[in-house]
Amino acid sequence: MTQETVAATSDAVLDREETISRDELEALQLSRLQHTVAYAYDRVPLYKRKFDETGVHPTDLRELADLAKFPFTTKEDLRLEYPFGMFAVPQREVARIHASSGTTGRATVVGYTKKDLADWAKLVARSFRASGVRPGMKVHNAYGYGLFTGGMGAHAGAEALGCTVIPISGGQTERQITLIQDFEPDVILATPTYLLTIADAMVKQGIDPASTSLKYAVLGAEPWTEEMRHELEVTMNIKACDIYGLSEVMGPGVAGEAVETQDGSHIWEDHFRPEIIDAFNPSVVLGDGEHGELVFTSLTKEALPIIRYRTKDLTRLLPGTARPAHRRMGRITGRSDDMIILRGVNLFPSQIEEIALRIPELSPHFQLELTRPEGQRMDQLTVKIERRESVTLAGSAAAAKALQQQIKIQVGSTCRVDVVEPGSLERSNGKLRRIYDLRPKA
């Protein structure tokens, strides 16, 4: 840890809830959980119906383990209740509405009371503080604004922390670079793949990405690996930390990573109760350290309380470190709905990223194409990945062979690898699309 990082973490004033014991935290969770399930049952028709159908009542929740008796909430539930059927307060008490893009179906709509917004800003500020951000720093916010929760959630948290916010939003990469040079921000907020896009564009302009004023990056909204963190930190001379959230649970700030440890995001368990379930047998609740699907129950939300929401994110819960009472999330390996099943083998884009970035000739820019050649029953996976600028054709061929071999060894699946020219693949303007399913539609 550098002296600068030590200084950044030692002057932080923590919230009281960050410093309480695990026993105190679990007592607080139980009290808030009992209130939340009763509140949701009384105010949200979907929850009354689901609880009654399951044969469970809020009074059945006597200890934390009893949460497993209650039914799950899914994205489909929110879609069926579109637009406002999940709200627990009258419309006049809803201070703001956000929604998903709806690109994979009907949008999911979430609402916030004034208290919800204040809590959200507090938790984003807590996450930023953990990641090294301090009052008075200039924060370049390259998360998208609008109905997406990322931009405005991050903006409010940075302001609550006492930062100067530069609300550039996503896209307009050339303008992003101009403002980074002219305004000299200390912090950048973005998705990891979009920060990589900015760094690449700087290099094309003859700018050394490591020469800017940026010291910290708080990155989220898509899974990323330790190899990607190393790539960004070395390329831009920054400390990069993760922030986690999803709109159905709150938005960014459900969990945040500490810059002094960089060992996974601590979940703010004074506001959310996490569980890990077996993604293929959801009735099985797994123990800490076991890998499965992440489930969240909100503990303090007013407008949209959420009970046992299935995130589809695959990870595990680990003991707290920098914030000992609050458990950490392991790196998200993928989403259960992004999983590729190739000849009986489960495969995630993050696995390809992790393997590829260990091969020096290959860049972090790749796409996965799924095809089914005519007349064949077996699917074919092709990894298209850019070579580094300095790599020769012979070096590209050797790198392709190495990646193909390592995927076979570490994942257990055979694929094609095409090493393509630098700059030839689509760049991120926010969330990057990795998987292109080109198989014939049934």
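1. Burial. Of the 442 residues in the protein chain, 55% count as buried. Note that this is a predicted model. The accessible surface comes to about 18800 Å². Carbon and sulfur atoms hold 51% of that surface.

2. Overall build. The protein chain has 12 helices and 22 strands. Its radius of gyration is 22 Å, close to the 22 Å that the globule rule gives for 442 residues, so the chain is as compact as a globular protein of that length. Along the principal axes, the C-alpha atoms fill a box of roughly 70 × 60 × 40 Å.

3. Contacts along the chain. Take the contacts in the protein chain with a separation of 6 or more. Of these, 66% are between residues 24 or more positions apart. Points 5 and 6 give individual cases.

4. Charge. The side chains include 53 positive and 60 negative ones. How far apart do the centres of the two sets lie? The separation is 3 Å.

5. Phe272. This residue lies in strand β10, which covers residues 272-278. Is Phe272 buried or exposed? Its relative accessible area is 2%, under the 20% limit, so Phe272 is buried. Not counting residues up to four places away in sequence, Phe272 touches Gln29, Leu123, Val249, Met250, Val254, Phe296, Thr297, Ser298 and Leu299. Leu33 is 239 residues from Phe272 along the chain, yet their C-alpha atoms are separated by 9.0 Å.

6. Thr36. Helix α3 (residues 22-43) holds Thr36. Thr36 has 2% relative accessibility and therefore counts as buried. Which residues does Thr36 touch, beyond those up to four places away in sequence? They are Ser298, Leu299, Thr300, Pro305 and Ile307. With Leu299 there is also a polar approach: a polar atom of the Thr36 side chain lies 3.1 Å from the backbone oxygen of Leu299. Glu302 is 266 residues from Thr36 in sequence, but 8.8 Å away in space, C-alpha to C-alpha. Ser298 and Leu299 also appear among the contacts of Phe272.

7. Helix α10. This helix spans residues 226-236. Its buried residues are Glu227, Met228, Arg229, Glu231, Leu232, Glu233 and Met236. Charged side chains are on that list, including Arg229 and Glu231. What do the buried residues of α10 pack against? The partners are helices α9 and α11 (349-356), together with strands β6, β7 (239-246), β8 (251-257) and β19 (362-371). Asn237 follows α10 and has a positive phi, near 55 degrees.

8. Thr212. Look in the loop between α9 (192-204) and β6 (216-220) for this residue. Both of those elements are also packing partners of α10. Thr212 has a relative accessibility of 16%, so it counts as buried. Its side chain reaches the backbone nitrogen of Leu214 at 3.2 Å. Leaving aside neighbours within four places in sequence, Thr212 is in contact with Ile180 and Met202.

9. Asp77. This acidic residue is found in helix α5. Its relative accessible area is 9%, so Asp77 is buried. Beyond its neighbours within four places in sequence, Asp77 is in contact with Leu46, Lys50 and Phe72.

10. Cis peptide. Which two residues does a cis peptide bond join? They are Tyr82 and Pro83, with omega about -5 degrees. Pro83 lies in the loop between α5 (75-80) and β1 (96-99). Helix α5 is where Asp77 is found.

11. Positive phi in one loop. Ser169 is in the loop between β4 (164-166) and α8 (173-183). Its phi is near 70 degrees, a positive value in a residue other than glycine. Ser169 has a relative accessible area of 18%; the limit is 20%, so Ser169 is buried. Gln172 is found in the loop between β4 and α8 as well. Gln172 is not a glycine either, but has a positive phi of about 50 degrees.

Key
Residues numbered from 1 in each chain as written. Predicted model: local features only at pLDDT ≥ 70, side-chain atom pairs only at ≥ 80, totals over all residues. Heavy atoms only, no water. Helix = DSSP H or I, 4+ residues; strand = E, 2+ residues; numbered from the N terminus. Rg over C-alpha atoms; globule rule 2.2 N^0.38 Å. Buried < 20%, exposed > 50% of the residue type's maximum accessible area, 1.4 Å probe, protein only. Contact = heavy atoms within 4.5 Å. Areas by Shrake-Rupley, 256 points an atom, 1.4 Å probe, with all protein chains shown as cover. Charge placed at Lys NZ, Arg CZ, Asp CG, Glu CD. Polar contact = N/O pair within 3.5 Å; in protein donor to acceptor, adjacent residues only side chain to side chain.
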